[in-house]
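Student: I should like a close look at one helix of this protein and at its surroundings. Please take me through the part in detail, and then place it within the rest of the chain.

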Amino acid sequence: MIKNGSSRIEITTTNVNELAVGQRGVLSKISQVSSVLNRVKGLEKSDSLLQFLKESGFSKAQLEKVVKTQPGLLSASIDNTIKPKIKIFQDLGFSSNDIAEIISNVPVILHRSADKRFTPSLSVLTSLLGSSAEMGVCRSSKMFIHAVRVVSSMSDQNLEIKLKLFRDLGFSEYEILEMFRKTPQVFAVSERKLKKVMEVLLATGKYDVSCIFNSPTSFICSVEKKLKPRIQVLSILESRNLIEKWPSLATITRMTDIRFFEKFVNPFLNEVGEVYMANNTITVKRSRKLKDWIKKEP
């Protein structure tokens, strides 16, 4: 019991609970209102960002791709994060269509630090690949987009380490540049795999550095599942005078499993069939395809 002037207020467990419930109700309503306001603000921010990108040349399909792959960008600051990156592209001579195509395919670059990663990466990329006229390709081409994806994922230090590695492997500056222009994905290949591919191919005595330079996709091929089994088959065929010369490295690396089997394995099943199939170099699915193909042959 508490005296309040001439009035007396009786405090009981019941009215304390009622007061607490009332406070929780008010707090709950405040929380709900706050949540709604935050969502509204978030939606307004997202709408503003999407509108800005649309005005910058992004199509509906490109906007959908950005949102799907990097939904976090919807909460990014237009003035602090998005506009500065697009301006960097513009300053380097990229058109609105090029910018929209590149960013929609590699939206993660908008998360990169402008000073530490973004600007240096694009500058290096532009210096490596040159202008569109020099390259003879559009900057929104798949090859250029691959190059942006690779370079933007690397720091200047890592890029220089990779360049040094290619030099150490025997490639000239010109060859390194040309390989990057043709197949930028090779710069994303690990040092260990690059060395292993070189080791396996040079050990054949059939391919040299110039062959690898002319077929840089060989660096992307699986050593255990593709290169070694095919080299083993060709070695056996040559040792038994069943082929006059080895196919080019480009032929070996670009052939599908079925096509290689048709040309170099099936005609000589007694000699290399078991060896090729025993390598466990193909998936179960592909293995079944080959077995089915064999059954169809007379």
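Tutor: Helix axes at an angle under 35 degrees count as roughly parallel, and those at an angle over 145 degrees as roughly antiparallel. The model is a predicted one, and the helix chosen here is α12, residues 223-239.

A short outline of the whole comes first. The protein has 16 helices and two strands. Of its 298 residues, 37% are buried. When contacts between residues at least 6 apart in sequence are considered, 69% of them join residues at least 24 apart.

Helix α12 begins with a polar contact: a side-chain oxygen of Ser 222 lies within 3.0 Å of the backbone nitrogen of Lys 225. Along the helix, the buried residues are Val 223, Lys 226, Leu 227, Pro 229, Arg 230, Ile 231, Val 233, Leu 234, Ile 236 and Leu 237. The list thus includes Lys 226 and Arg 230 beside residues such as Leu 227 and Ile 231. An α-helix has 3.6 residues a turn, so residues three or four places apart point the same way. Among the elements that cover the buried residues of α12 are α10 (191-203), α13 (249-254), α14 (257-265) and α15 (269-277).

The partner to examine in most detail is α10. Its axis is 11 Å from that of α12, and the two helices pack at an angle of about 10 degrees. The pair is therefore roughly parallel. On the α10 side the residues involved are Lys 196, Val 197, Val 200 and Leu 201, and they meet Val 223, Leu 227, Lys 228 and Ile 231 of α12. Sorted by class, this contact has six nonpolar and two charged residues, with no polar ones.

Leu 201 of α10 links this pair to other parts of the chain. Beyond its neighbours within four places in sequence, Leu 201 touches Leu 227 and Ile 231, as well as Tyr 207, Ile 212, Ser 218 and Leu 249. Leu 201 also belongs to the largest nonpolar core, which has 45 residues; together with Phe 166, Phe 171, Phe 187, Phe 219 and Val 233, Leu 201 touches the most other members. The largest share of this core, seven residues, is supplied by α12. A second core, separate from that one, has 23 residues, including Leu 49, Val 66, Ile 99 and Phe 144.

What follows α12 in the chain? After the helix comes Asn 241, which sits in the loop between α12 and α13. Asn 241 has a positive phi, near 55 degrees, although the residue is not glycine. With a relative accessibility of 69%, Asn 241 counts as exposed.

Beyond that loop is α13, the helix that holds Leu 249. Leu 249 is buried, since its relative accessible area is 4%, and the cut-off for buried is under 20%. Its contacts, leaving aside neighbours within four places in sequence, are with Leu 201, Tyr 207, Cys 211, Ile 212, Ser 215 and Ser 218. Leu 249 and Leu 227 are 22 residues apart along the chain, and their C-alpha atoms are 9.9 Å apart.

The other two helices named in the cover, α14 and α15, also pack against each other. Their axes come within 10 Å and cross at roughly 150 degrees, and the two helices are therefore roughly antiparallel. From α14 the contact uses Asp 257, Phe 260, Phe 261, Phe 264 and Val 265, and from α15 it uses Leu 269, Val 272, Gly 273, Tyr 276 and Met 277. By class, these are eight nonpolar residues, one polar and one charged.

Another helix, α3 (residues 78-91), can be set beside α12. Here too a serine stands at the start: a side-chain oxygen of Ser 77 reaches to within 3.1 Å of the backbone nitrogen of Asn 80. Its buried residues are Ile 78, Ile 82, Lys 85, Ile 86, Ile 88 and Phe 89. Just after α3, Gly 93 has a positive phi of about 95 degrees. In the loop between α2 (60-69) and α3 lies Gln 70. Outside its neighbours within four places in sequence, Gln 70 contacts Pro 107, Val 108 and His 111. The C-alpha atoms of Gln 70 and Ser 104, which are 34 residues apart along the chain, are separated by 9.6 Å.

Technical notes:
Residues numbered from 1 in each chain as written. Predicted model: local features only at pLDDT ≥ 70, side-chain atom pairs only at ≥ 80, totals over all residues. Heavy atoms only, no water. Buried < 20%, exposed > 50% of the residue type's maximum accessible area, 1.4 Å probe, protein only. Helix = DSSP H or I, 4+ residues; strand = E, 2+ residues; numbered from the N terminus. Contact = heavy atoms within 4.5 Å. Polar contact = N/O pair within 3.5 Å; in protein donor to acceptor, adjacent residues only side chain to side chain. Axes fitted to C-alpha atoms, helices over the stretch in contact; angles between N-to-C directions. Parallel < 35°, antiparallel > 145°, perpendicular 65-115°, else oblique. Nonpolar A, V, L, I, M, F, W, Y, C, P; charged D, E, K, R; others polar. Core = buried A, V, L, I, M, F, W, Y, C linked by side-chain atoms within 4.5 Å.
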